[in-house]
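This briefing looks at a strand with its two neighbours, and then at a pocket. Please keep the model open while reading.

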Amino acid sequence: MPSVWREVKTLIFANASHPNALVDVLLSPSADYLAVACGHDVEIWDLKRELPNPNNPQSKFSNQYLRVQKMSWCPSTTKLAIGYDEGSVSVLSLHDGVVLMEGFGCAASPVDSVSGLTWLSPTLLAVSTRSTVEIWRFVSDDGQCLWSSCGAIPDPPIIPGQPQMPLISTMHALADHQLMVQYADSGGRTVIWNLSFDPFLARLLILPWKLQHRINDVSIGTRHALYTDHDTGTYGLLKIDSQQPAMQCYPQALESRAPQLVSCVKFISKDLLIGGGVGQLILWNHSLRRLQNLVYTNPMTVPDSISSGYQLETDIGWIATAHRFQDRGQVVLWCTVDSEEAEEAEEAAVAPGFLELHRRSITIVLSLFIVTAVPFFLY
């Protein structure tokens, strides 16, 4: 990876108790747009134009009656799905500065908050509310564009001794018509639903492993999943279709190499993953070999969530980390820079300080050289 990552911008938002507190931060997969949800608002910046300014978003969308709960960018388009409380969903389509909006309300849970959004394709969106997953399809017919409900995924098999249906913990797309759902029950079940349409059918595939820890991200290309184990202080990388034990890694302090607290982990690409530590992010490859430590300006910073957008072909990308403090919400942005340019910038920054610090020493050495050399030549 010839590029290196540099911290370039910090955005400050309202504190956690404020009505417009920081909710979610998402970079588009193409690394072109940054979306920040605060309370009732979603603010969007075009990173191709300039660095974000929290006081001057390029686009802002507000709903005074509903609070934002979740956001999700479509992997292959510039569509952004926004989930609110009371089961409402809005979909924004961004095209050259023009934004189109559609929306719908979940049929099964009209009063429950949206807990998850996952794109199965540019026209298929999975929406979860508590223990229900609905599949919605975008339809364009006779000049009218609307979202129609395909149906709800059936409830998973009941576990003996568990009286209620389990809540949905996470959802991730594995293919156009394949959805992996993790349930927050005592069994730690994660299942795959294979979907078909016209008519809508959902076939259940129970995975050969159980996981008590929340899945942070999946790689569709390699069919691996990432999770955070707060009990052991490690990040886990497991093969979705295999019974092999998970590979594990953990952040270490730069100098002492002591283990640090874990927070969250995410794929940047199918071969790169980024995890949080204390005062740093750590970049690993798919074999969990450490590639780079991304050191925060604030040495005590710990990310609450990580979002990334990366173009493997051009080796250009962004990372956004969200931080929630008692007195403020904060977003820290990183971007790739050429490694040679980074070294030149570091040398340019170090050289003046070095000369200034050692100017007197250099003068003394030169003076001694002149004093001792002149008699020698005279002799």
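In this predicted model, Leu124, Ala126 and Ser128 point to one side of strand E11, while Leu125, Val127 and Thr129 point to the other, and all of them are buried. Side chains in a regular strand alternate between the two faces of the sheet. Because six of the six residues of E11 (residues 124-129) are buried, with under 20% relative accessible area as the criterion, this strand is largely enclosed by the rest of the structure.

**Strand pairing around E11**
- Strand E10 (residues 116-121) runs antiparallel to E11 and is joined to it by five bridges, with Leu125 in E11 as the bridge partner of Trp119.
- The connection from E10 to E11 is a hairpin that passes through two residues.
- Strand E12 (residues 132-141) is also antiparallel to E11, to which six bridges join it, and Ile135 in E12 stands opposite Ala126.
- E11 and E12 likewise form a hairpin with two residues between them, and Arg130 in that turn has a positive phi of about 55 degrees.

**The second largest pocket**
- The second largest pocket holds about 220 Å³ of space, and of the 16 residues that line it, Tyr33, Asp46, Arg49, Asp96 and Gly97 are the closest to its centre.
- Strands E4 (41-46), E8 (88-95) and E9 (98-105) are the elements that give two or more residues to this lining, and E4 gives the most, with three residues.
- By residue class, the lining of the second largest pocket divides into six nonpolar, five polar and five charged residues.

Terms used. Residues numbered from 1 in each chain as written. Predicted model: local features only at pLDDT ≥ 70, side-chain atom pairs only at ≥ 80, totals over all residues. Heavy atoms only, no water. Buried < 20%, exposed > 50% of the residue type's maximum accessible area, 1.4 Å probe, protein only. Helix = DSSP H or I, 4+ residues; strand = E, 2+ residues; numbered from the N terminus. Pairing = 2+ DSSP bridges. 1 Å grid on protein atoms, 1.4 Å probe; cavity = no way out; pocket = protein on both sides within 12 Å on 5 of 7 lines; lining within 4 Å. Points joined across faces, edges and corners; volume = space filled by probe spheres on them. Nonpolar A, V, L, I, M, F, W, Y, C, P; charged D, E, K, R; others polar.
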